[in-house]
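Dear colleague,

Please find below the structure for your files. My notes on its interior follow.

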Amino acid sequence: MNSMRLSMMTGIALYSMLTTGCNEQTTAQTDKQTTAGVEVQSIFPKGEKGSSEYFTGNAYANALVPADSTYATLVGNVYFEPGARSNWHRHPAGQILIITDGVGYHQIKGQARQTMRKGDVIQCPPNTVHWHGASPDTGLQQLYIIPNTEKGIVEWMEPVTDIQYRNAD
Ligand code: MN
């Protein structure tokens, strides 16, 4: 396994959001992050910034369950700032995304872009080229689950262009 890819994935991670305009609970805010006017509520620590080699914009990753011989399953959280997204990539054993806050996009190559919102659960089939990230105005908090890590974790490809991101192609 490519150790750089592994550390990147275990290093990609988390946070959630509410619009500041709608949030009246100004006295009870903890672990929230404001980016471009959108407030994001976190469940887990923010983690480390993902490499620009694999992400456009700012994405942060926090590993929650490391892949080991007992579980062979990688679990972590990623927070995408507004406009941030992954490169195109695929997971040899697939991936499950659980959206815990915010608004974002997911697209399988050759299919329509999908909008993801808090509470959505997305299944990315094995070896299926796709990308995921935040919407332009609101960030995204996603938990990811990668099973059967003995088959591999992620194979990175080219960046998602602005035209692809805007669903304008
Ligand atoms: Mn993925």
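Phe55 is buried, at a relative accessible area of 4% (buried means under 20% relative accessible area, exposed over 50%, partly exposed in between; 1.4 Å probe, protein chains only). Phe55 belongs to strand 5 (residues 55-56); strands (E, at least two residues) are DSSP runs numbered from the N terminus. Its C-alpha atom is 5.8 Å from that of Arg85, 30 residues apart along the chain.

This is a predicted model, in which local features need pLDDT of at least 70 and side-chain atom pairs count only at pLDDT 80 or more, while totals for chains, interfaces and linings use all residues. Residues are numbered from 1 along each chain as its sequence is written, and side-chain values use heavy atoms, without hydrogens and water.

The largest nonpolar core (a set of buried Ala, Val, Leu, Ile, Met, Phe, Trp, Tyr and Cys residues joined through side-chain atoms within 4.5 Å) has 19 residues, of which Phe55, Phe80, Leu97, Met116, Leu140 and Tyr144 touch the most other members. At least two residues of this core come from each of strand 7 (74-80), strand 10 (95-108), strand 12 (121-124) and strand 14 (140-146). A second, separate core of six residues includes Trp88, Tyr105, Val129 and Val160.

Ala134, in strand 13 (residues 130-134), counts as buried because its relative accessibility is 0%. Beyond four places in sequence, the contacts (heavy atoms within 4.5 Å) of Ala134 include Phe80, Tyr105, Leu140 and Tyr165. The C-alpha atoms of Ala134 and Ser86 are separated by 9.4 Å, at 48 residues apart along the chain.

Yours sincerely

Definitions and conventions:
Helices (H or I, at least four residues) and strands (E, at least two) are DSSP runs, numbered from the N terminus.
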